[in-house]
Amino acid sequence: MEKRINGATEVICLIGSPVKHSGSPLMHNFAFRHNDQNYAYVCFEVQEEQTKEALDAMRLLGMRGCNATMPCKVATAKYVDKLSPAAEIIGACNTVVNDGGVLTGYITDGAGMISNLRENGVEVKDKKVVCIGAGGAATAIEVEVALEGAKSLSIFNRTVEKAVINVNKIKAAMPDFDVKAFAMDDMEALKEEIANADILINGTSIGMAPDADDTPIKDATMFHKDLVVADAVYNPIETRLLKEAKEAGCKIVTGDGMLLWQGAVGYELWTGAKFPVEEFRAFKAGLK
Ligand code: NAP
């Protein structure tokens, strides 16, 4: 029987729909037990139009915070009291901290990618970065790459208008930052930008199961051995993009680390404690 939960237990939750499949309760409840902290993490099915009520309930019940997933991420940013710089630029958040009724919204996906790169010995500061995609994950990564002080950022996306929107969002907050948008089918530009890049990040869903034989980089001669290649896709863990980049001599960084670190960043915001990354990895390996 669960022995930690008592009258003083602080609750943290996930809001969104659907939420039953979420891996967050396993992760955070493991960490609370491991670090002997009096918190519990639970999931609540919340529709987009119920987001404000859910956040008000968090205030009323004195909950420590929440994660927000689809379809509540944008509405959450609208109804919290304050936003982190990244959440402000993006206009969405996935993590909320409740300090005595004042709710602050954060977005931790991009920070998760930065921490994942860092764990693999890769710093973004002063680097030339190419990022493919302009959806939820890619946008969070791109904004964080800019906030981390990269030298430049080149954004490629199938729908180029969305890449342009991201460039404009970043420029509005950081006018001096060198960021450009390209269409993904502009092969000449892709080749040239990758040739001069330090880090290439796939933020699209290309290569995700069941389409695991697909890759955003169709021409593997674009890889060079000084390039670090990272993927947001974590199913499969080693995507075709990463396999081919590894064969070309690139250092690769898998998306499962981003998933873990984006949660770890939230955990640290709520509790002030370090997430037990290695212990959780060992615990999960034991479940397989
Ligand atoms: P999303 O908002 O739907 O964005 C999808 C992105 O992929 C868009 O840029 C889209 O381009 C592009 N795309 C999809 N299919 C494409 C195709 N056939 N050809 C070219 N471009 C294509 O999705 P998301 O939430 O950002 O998720 C993207 C991936 O990241 C997923 O695999 C997800 O599992 C993963 N992810 C990982 C983490 C992590 O922690 N590791 C966190 C979040 C997401 P258009 O704009 O042109 O449609």
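Visitor: By class, how many nonpolar, polar and charged residues does the shell around the ligand have?

Guide: There are nine nonpolar residues, ten polar ones and two charged ones. Here Ala, Val, Leu, Ile, Met, Phe, Trp, Tyr, Cys and Pro count as nonpolar, Asp, Glu, Lys and Arg as charged, and the others, Gly among them, as polar. Please note that this is a predicted model, in which local features need pLDDT of at least 70 and side-chain atom pairs count only at pLDDT 80 or more, while totals for chains, interfaces and linings use all residues. Residues are numbered from 1 along each chain as its sequence is written, and side-chain values use heavy atoms, with hydrogens and water left out.

Visitor: Which residues are the closest to the ligand?

Guide: A residue is near a molecule if one of its heavy atoms lies within 4 Å of it. In this model 21 residues surround the ligand, and the closest are Gly 136, Ala 137, Asn 157, Thr 159 and Lys 162.

Visitor: Which polar backbone atoms should I look for beside the ligand?

Guide: A polar contact is a pair of N or O atoms within 3.5 Å. A backbone N or O atom of Gly 136 lies 2.9 Å from a ligand oxygen atom, and a polar backbone atom of Ser 205 is 3.4 Å from an oxygen atom of the ligand. For Ala 232, a backbone N or O atom lies 2.9 Å from a nitrogen atom of the ligand. The ligand taken alone exposes 930 Å², and the protein buries 72% of that (Shrake-Rupley method, 1.4 Å probe).

Visitor: Which elements give two or more residues to the shell?

Guide: Helices (H or I, at least four residues) and strands (E, at least two) are DSSP runs, numbered from the N terminus. The elements in question are α6 (136–147) and α10 (255–271); α10 gives the most, with four residues.

Visitor: Why does the ligand lie between the two domains?

Guide: Domain 1 (10–107 + 258–287) and domain 2 (110–254) both give residues to the shell, so the ligand lies between them. The bounds come from an automatic or database domain assignment. The C-alpha centres of these domains lie 26 Å apart.

Visitor: How many residues of each domain are in contact?

Guide: Contact means heavy atoms within 4.5 Å; 13 residues of domain 1 are in contact with 19 residues of domain 2.

Visitor: Where are the cis peptide bond before Pro 18 and the positive phi of Asp 36 placed?

Guide: Most residues other than glycine have a negative phi, and most peptide bonds are trans. The bond from Ser 17 to Pro 18 is cis, with omega near 0°, and Pro 18 is in the loop between β1 (10–16) and α1 (24–34). Asp 36, with a positive phi of about 55°, is found in the loop between α1 and β2 (39–45).

Notes:
A polar contact is a pair of N or O atoms within 3.5 Å; within protein, one must be able to donate a hydrogen and the other to accept it, and residues adjacent in sequence count only if both atoms are side-chain atoms.
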